Every structure is written in structure tokens, then in C-alpha cells.
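Hello,

Here is the structure I promised to pass on to you. Please open it first and have a look around, and then read my notes below.

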Amino acid sequence: MLNKKEQRLRRSRQTRERIAKQGVARLTVFRSNLHIYASVISEDGTSVVASASTAEKDLRTQLTGNGGNAAAAALVGKRIAEKAKAAGVEKVAFDRAGFAYHGRVKALAEAAREAGLQF
């Protein structure tokens with residue numbers, strides 16, 4: 001019997017195999033109870049091009065409460081899109097790491113799209 005984390009990781013492996021075949025940069029998301037993290041990983045998967053999270057000092061000053069809500073996720077989405085565009089990445093594949101496309105993950109994705117990232 002698989003626990004919740006193993007089920008999520010199994011789902012994420014399938015997604016990463018599909019994304020690897022596309023040959024584009026990958027926007028990956030991790031959420032914990034208190035924070036949400038986003039990283040843009042290069043096409044070959046060897047380096048992190050840009051990253052943003054609610055644990056960053058700059059973003060913590062803009063938050064109302066902790067980083068575990070949809071408003072905080074939207075700020076992270078906007079910030080990751082700005083950093084990725086500054087690094088020269090316009091198009092990415094969205095890797096939700098096995099998390100449901102709902103709530104904070106959805107808020108981050110929509111904010112990144114609005115800020116100009118294409119996926």
C-alpha cells in the first residue's frame with residue numbers, strides 16, 4: 001500500500017518523463033503546509049535557471065500571514081515569471097509534481113501565465 005507521498009511521487013515521475021520528451025524548460029512547484037516553492041529548470045534538467053518561494057525575505061514582507069495561501073502562491077507565480085523572463089526563458093512546461101491542479105498550485109500557475117510565461 002502506498003502512502004500519500006509515494007502516490008504523489010509516482011504521479012510526478014510520469015509527468016517528468018513526458019516533459020523530458022518535449023525538450024523545454026520546466027516550471028516545477030512544491031508546496032508544504034507553510035510555504036510554496038517554484039523553480040524553472042533548464043531543458044536538459046541539470047541546472048536551476050530561476051527560483052522563487054514564500055520563504056524569501058522579499059516576499060515575506062508582502063504577505064499577509066504565512067505563505068500557505070492562494071494569495072501568497074500568486075505572488076510567487078508572478079515573481080517566478082519575472083525571474084524566468086529575465087533569464088531568457090519565455091516558454092516552459094508546467095510540472096505540478098503530482099499535486100492536484102487546485103488551490104495554491106492553480107493560483108501560482110495562473111499568476112505566472114498573467115505575468116507572461118507561456119505554458
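Strand 1 and strand 4 run parallel, and four bridges join them. One residue to find here is Thr-28, whose bridge partner in strand 4 is Asp-95. Please keep in mind as you look that this is a predicted model.

These two strands belong to an open sheet of four strands with mixed pairing, in the order 3-2-1-4. Strand 3 (48-53) and strand 4 stand at the edges with a single partner strand each, so one side of each has no neighbour in the sheet. On average, neighbouring strands of this sheet are turned by 15° against each other, direction ignored.

Which strands does helix 1 touch as it packs on the sheet? Helix 1 (residues 4-22) touches strand 1 and strand 4, and its direction makes about 170° with that of strand 4. Helix 4 packs on the sheet too, touching strand 1, strand 2 (36-41) and strand 4. The direction of helix 4 makes about 145° with that of strand 1.

Now to the aromatic rings, where the count comes to four aromatic pairs. One of them is formed by Phe-30 and Phe-99, edge-to-face, with 5.9 Å centre to centre and 65° between the planes. This pair links distant parts of the chain: Phe-30 is in strand 1 (residues 25-31), while Phe-99 is in the loop between strand 4 (92-95) and helix 4 (104-114), 69 residues apart. Phe-30 is partly exposed, with a relative accessible area of 37%, whereas Phe-99 counts as buried at 7%.

Another pair is Phe-94 with Phe-119, which is stacked, at 5.2 Å centre to centre and 20° between the planes. Phe-94 lies in strand 4 and Phe-119 in the segment after helix 4, so this pair ties together parts that are 25 residues apart in sequence. Phe-94 counts as buried at 15% relative accessibility, and Phe-119 is partly exposed at 28%.

There is also an aromatic cluster, made up of Phe-30, Tyr-37 and Phe-99.

One last residue deserves a look. Most residues other than glycine have a negative phi. Ala-97 is not a glycine, yet its phi is positive, at about 55°. You will find Ala-97 in the loop between strand 4 and helix 4. Is Ala-97 buried or exposed? At 4% relative accessibility, Ala-97 counts as buried.

Happy exploring, and best wishes!

Definitions and conventions:
Residues are numbered from 1 along each chain as its sequence is written. This is a predicted model: local features need pLDDT of at least 70, side-chain atom pairs count only at pLDDT 80 or more; totals for chains, interfaces and linings use all residues. Side-chain values use heavy atoms; hydrogens and water are left out. Rings of Phe, Tyr and Trp (its six-membered ring) pair if their centres lie within 6.5 Å; planes under 30 degrees apart count as stacked, over 60 as edge-to-face and the rest as tilted. Buried means under 20% relative accessible area, exposed over 50%, partly exposed in between (1.4 Å probe, protein chains only). Two strands pair if DSSP finds at least two bridges between them. Axes are lines fitted to C-alpha atoms, for helices over the stretch in contact, and angles run from 0 to 180 degrees between N-to-C directions. Contact means heavy atoms within 4.5 Å.
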